[in-house]
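Reader: I am in my first year and still learning how to read a fold. Could you take one part of this model and go through it with me slowly?

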Amino acid sequence: MRAIIQESYGGPEVLHETRVPRPEPGPGEILVAVRAAGVNPTDWKHRARAGFVDRLPLILGWDVSGVVEAVGYGVALFAPGEEVFGMLPYPHGSGSHAEYVVGPARAFTRKPTVIDHVQAGALPLVSLTAYQALIDTAGIGPGQRVLIHAAAGGVGHVAVQIAKAHGAYVIGTASAPKHDLLRELGADEVVDYRTTDVAEAVDGVDMVLDPLGGETRARSVGLLRPGGTLVSLLSGGSPEEAARAAERGVRTATMLVEADHAGMNAVADLVAAGALRPRVEATFPLAEAAAAHTLGETGRTTGKIVLEVA
């Protein structure tokens with residue numbers, strides 16, 4: 001099968017297409033013929049340097065949408081020919097930037113018929129991240145005020161939709177040209193972080209979703225009301241932050257996304273109900289994965305980048 005592989009760390013140029021043996025599903029696994037696979041910041045970070053995954057050669061990619069080709073022993077959830085989408089176990093289960101991939105059956109669910117493979121391939125990692133942060137970790141509910149930083153990004157733009165679907169009042173930060181999109185997605189307020197001090201414009205929120213870390217994380221603690229939760233997607237924090245959080249009576253957490261059958265079912269239900277759609281910035285054929293990485297690393301994209309597999 002064709003696959004995008006890297007044999008060293010570095011820039012997008014280390015990615016190249018090659019042929020590798022097609023994997024076979026083991027017990028509890030399915031073999032998926034990949035139709036589309038999202039590209040996420042974690043892909044270019046792992047391409048550039050050893051991180052959670054430190055093996056070479058490496059096939060990147062955690063997002064998958066495709067068709068079940070074969071099932072391993074004991075799999076009763078799916079049958080060959082069914083359309084599925086899901087996220088391979090993060091971080092060690094990468095490999096979707098290829099024509100075929102094997103993964104645990106329970107990392108997948110059936111693809112809703114109302115979206116195509118490109119849209120489905122854009123969703124798993126970012127939607128599971130947002131769902132696990134907002135619902136599983138922070139437990140947001142109707143009427144709660146939720147602040148989402150980088151709300152037009154990959155995680156952010158689906159987080160806006162998931163939060164609205166659960167009845168929250170959503171405030172999103174983004175540059176001014178992206179405000180119309182955020183309003184279309186359901187944001188109640190938008191803040192231009194380039195011209196406005198978010199700490200002065202926003203206060204008394206129940207939950208903050210922070211995909212940026214650093215100073216954004218540190219300052220977000222002060223925006224929470226007592227009992228609120230800050231969920232950051234990047235490691236960080238400090239003794240000073242912990243002391244301030246304790247003084248204000250708020251919780252801070254650093255979260256790493258997990259493969260989750262129940263979570264994927266919840267995402268699929270939101271999609272089927274029309275409450276969740278990905279914004280796809282660009283698509284590239286599998287062979288042009290390096291170009292997809294180059295675009296993603298500009299930091300100026302909205303939504304997701306997706307590789308299409310013929």
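Reader: Is I162 buried or exposed? Please look closely at that residue, and then at the sheet as well.

Author: Bear in mind throughout that this is a predicted model. I162 has a relative accessible area of 0%, and because buried means under 20% relative accessible area, I162 counts as buried. The residue has its place in helix 4, which covers residues 154-165. If we leave aside the neighbours within four places in sequence, I162 is in contact with S127, A130, Y131, L134, I135, L270 and L276. One of these partners, L270, is 108 residues apart from I162 along the chain, yet the C-alpha atoms of the two are separated by 7.9 Å.

Now to the sheet. Six strands form an open sheet with parallel pairing, and their order is 10-9-8-11-12-13. At the edges are strand 10 (189-191) and strand 13, each of which pairs on one side only, and from one strand to the next the twist averages 15 degrees.

The pair made by strand 12 and strand 13 deserves a careful look: strand 12 spans residues 224-232, strand 13 spans residues 251-254, and the two run in the parallel sense, joined over four bridges. Between these two strands the chain passes through helix 8 (residues 239-248), giving a β-α-β crossover that is right-handed. Within the pairing, T229 stands opposite R251 of strand 13, while S232 stands opposite T254, also in strand 13.

Definitions and conventions: Residues are numbered from 1 along each chain as its sequence is written. This is a predicted model: local features need pLDDT of at least 70, side-chain atom pairs count only at pLDDT 80 or more; totals for chains, interfaces and linings use all residues. Side-chain values use heavy atoms; hydrogens and water are left out. Two strands pair if DSSP finds at least two bridges between them. A crossover is right-handed if, with the strands pointing away from the viewer, the path from the first strand over the helix to the second runs clockwise. Axes are lines fitted to C-alpha atoms, for helices over the stretch in contact, and angles run from 0 to 180 degrees between N-to-C directions. Buried means under 20% relative accessible area, exposed over 50%, partly exposed in between (1.4 Å probe, protein chains only). Contact means heavy atoms within 4.5 Å.
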